[in-house]
Amino acid sequence: MTERLLVRALKGGENTKIVTLNGKKITKMPSTLDKLPGLKTLVLQNNRISKVCPEISTLTQLTVLNLGNNLLEEIPEEMKYLTSLKKLHLFGNKICKFASGACDGLQNLILLNLNNNQLTGIPQEISRLKSLIYLSINHNQLASIPKELCFLKNLFELQLTYNQLICIPEEIKFLKKLQKLLLVRNNIEVLPKGLCDLRNLRILDIAGNFIQTFPSGFQNLKLKEFYCEANPLFLKQPVNAVQQEDAWSLQEITSRFIMNELAGKNPFIMHVIEQHPQVRNIISQRRKCAICGKYFLTIWLECVEFVPPPKNWKISRNLQLVPLQILICSYKCFNQRGPNLFGIAQV
């Protein structure tokens with residue numbers, strides 16, 4: 001049956017546009033593919049293919065390639081020759097890495113499906129997929145994602161569910177067109193502040209992580225759907241606690257002075273700081289007090305403010321109040337807080 005289909009395709013020559021060989025128990029890709037230069041769609045799903053044949057590099061007009069549910073162990077270098085490719089399905093393989101140069105020629109790729117593989121990381125070269133709109137890497141073993149992924153300015157949908165992610169890079173703020181972000185069942189403890197810059201984000205699912213609070217400004221996202229079940233979110237259960245005295249380190253005292261002088265545009269400090277890159281690096285980690293507006297370095301007092309979720313969000317049933325992380329520079333400011341702001345206590 002497989003041979004008959006191939007013979008029919010070969011008779012068509014340059015006029016053959018689609019070849020579909022699903023579930024044929026094929027162990028090798030047909031080496032005769034180079035006889036089909038006009039091929040647009042190649043579907044080899046549900047087979048036993050472990051390697052991509054070199055002849056695939058001749059398919060420069062191919063727009064859809066489906067190698068889902070095979071035995072591939074890497075995204076091969078030959079992919080870079082498929083310069084017209086728009087949709088690449090590699091789900092359900094044993095892929096654990098990208099071959100060097102695999103992303104080089106995929107400038108027109110808009111969809112990449114890598115679900116159900118064994119990837120532990122994503123190469124920086126992912127940023128070369130300039131046209132990518134849909135990226136799905138669910139059910140892998142990712143521990144992190146490179147900041148370069150966040151430079152895919154056309155990305156509309158990003159799915160990273162059921163991995164081992166600990167954090168999301170702050171650079172996610174550059175995904176200005178992102179509308180759907182799925183991070184279900186990872187090990188994420190903190191969401192980046194940059195997430196609040198995603199003004200086009202409409203669907204966010206972070207269920208099954210270790211998130212306790214959300215970054216300040218999170219409630220201003222224009223979400224339509226938000227799911228956060230199975231996270232240990234802080235609850236509004238006030239208790240009395242004993243306040244300690246403020247005791248700042250010498251570095252903290254010096255840093256606060258420098259940062260607030262820079263905020264006031266002190267010309268002498270601005271000139272001197274240019275000569276000390278190490279100091280610039282330290283104060284680049286500065287934070288701003290939510291009460292007095294002054295800068296500080298070390299997280300002095302982490303607080304939480306409880307706000308109701310926007311009425312137009314479709315939300316998890318158990319979410320009644322959104323806990324927002326608020327940072328304060330001293331107990332003096334803490335004592336000037338509003339009625340909905342609480343310090344975080346261990347009880």
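Y134 stands opposite E157 of strand β9. In this predicted model, strands β8 and β9 run parallel and are joined over three bridges. Strands of a sheet pair through backbone hydrogen bonds, in either a parallel or an antiparallel sense.

The pairing of β8 with β9 is one step in an open sheet of eleven strands, ordered β1-β2-β3-β5-β7-β8-β9-β10-β11-β13-β17 and paired in parallel. At the edges stand β1 (18-20) and β17 (314-315); each has a single partner strand, so one side of each is left without a neighbour in the sheet.

Two residues in the loops around β8 have unusual backbone entries to look at. N116 is found in the loop that links β7 (111-113) to β8 (134-136). Its phi is near 55 degrees, which is a positive value in a residue other than glycine. N116 counts as partly exposed, at 43% relative accessibility. On the other side of β8, H139 sits in the loop between β8 and β9 (157-159). H139 is not a glycine either, yet has a positive phi of about 55 degrees. With a relative accessible area of 38%, H139 is partly exposed.

Further along the sheet order, N66 belongs to strand β3 (residues 64-66). Is N66 buried or exposed? N66 has a relative accessible area of 10%, and the limit for buried is under 20%, so N66 counts as buried. The side chain of N66 is in polar contact with the side chain of Q45, at 2.9 Å. Beyond its neighbours within four places in sequence, N66 contacts L42, V43, L44, Q45, H89 and F91.

L42, one of those contacts of N66, also appears in the largest nonpolar core. That core has 75 residues, and L42, L65, F214, F218 and F226 are those with the most contacts inside it. Where does this core lie with respect to domain 1 and domain 2? Both domain 1 (1-227) and domain 2 (250-343) give residues to the core, so it lies between them. Another core, of twelve residues, lies apart from the largest one and includes L327, I328, Y331 and C333.

F218 can be followed in more detail. Not counting residues up to four places away in sequence, F218 touches L191, L195, C196, L204, F226, W313, V322 and L324. V322 is also touched by P309, as are I315, L319, Q320 and L321, again leaving out residues up to four places away in sequence. P309 and F218 are 91 residues apart in sequence, while their C-alpha atoms are 9.7 Å apart in space. P309 lies in the loop between β16 and β17 and is buried, with a relative accessible area of 15%.

The strand before that loop is β16 (residues 301-307), in which five of the seven residues are buried, so β16 is largely enclosed by the rest of the structure. What strands does β16 pair with? Strand β18 (residues 322-328) runs antiparallel to β16, and seven bridges join the two. Within this pairing, C303 has I326 of β18 as its bridge partner. Strand β19 (residues 341-343) also pairs with β16 in the antiparallel sense, over three bridges. Here the bridge partner of E305 is L341 in β19.

How values were computed. Residues are numbered from 1 along each chain as its sequence is written. This is a predicted model: local features need pLDDT of at least 70, side-chain atom pairs count only at pLDDT 80 or more; totals for chains, interfaces and linings use all residues. Side-chain values use heavy atoms; hydrogens and water are left out. A nonpolar core is a set of buried Ala, Val, Leu, Ile, Met, Phe, Trp, Tyr and Cys residues joined through side-chain atoms within 4.5 Å. Buried means under 20% relative accessible area, exposed over 50%, partly exposed in between (1.4 Å probe, protein chains only). Domain bounds come from an automatic or database domain assignment. Contact means heavy atoms within 4.5 Å. Helices (H or I, at least four residues) and strands (E, at least two) are DSSP runs, numbered from the N terminus. A polar contact is a pair of N or O atoms within 3.5 Å; within protein, one must be able to donate a hydrogen and the other to accept it, and residues adjacent in sequence count only if both atoms are side-chain atoms. Two strands pair if DSSP finds at least two bridges between them.
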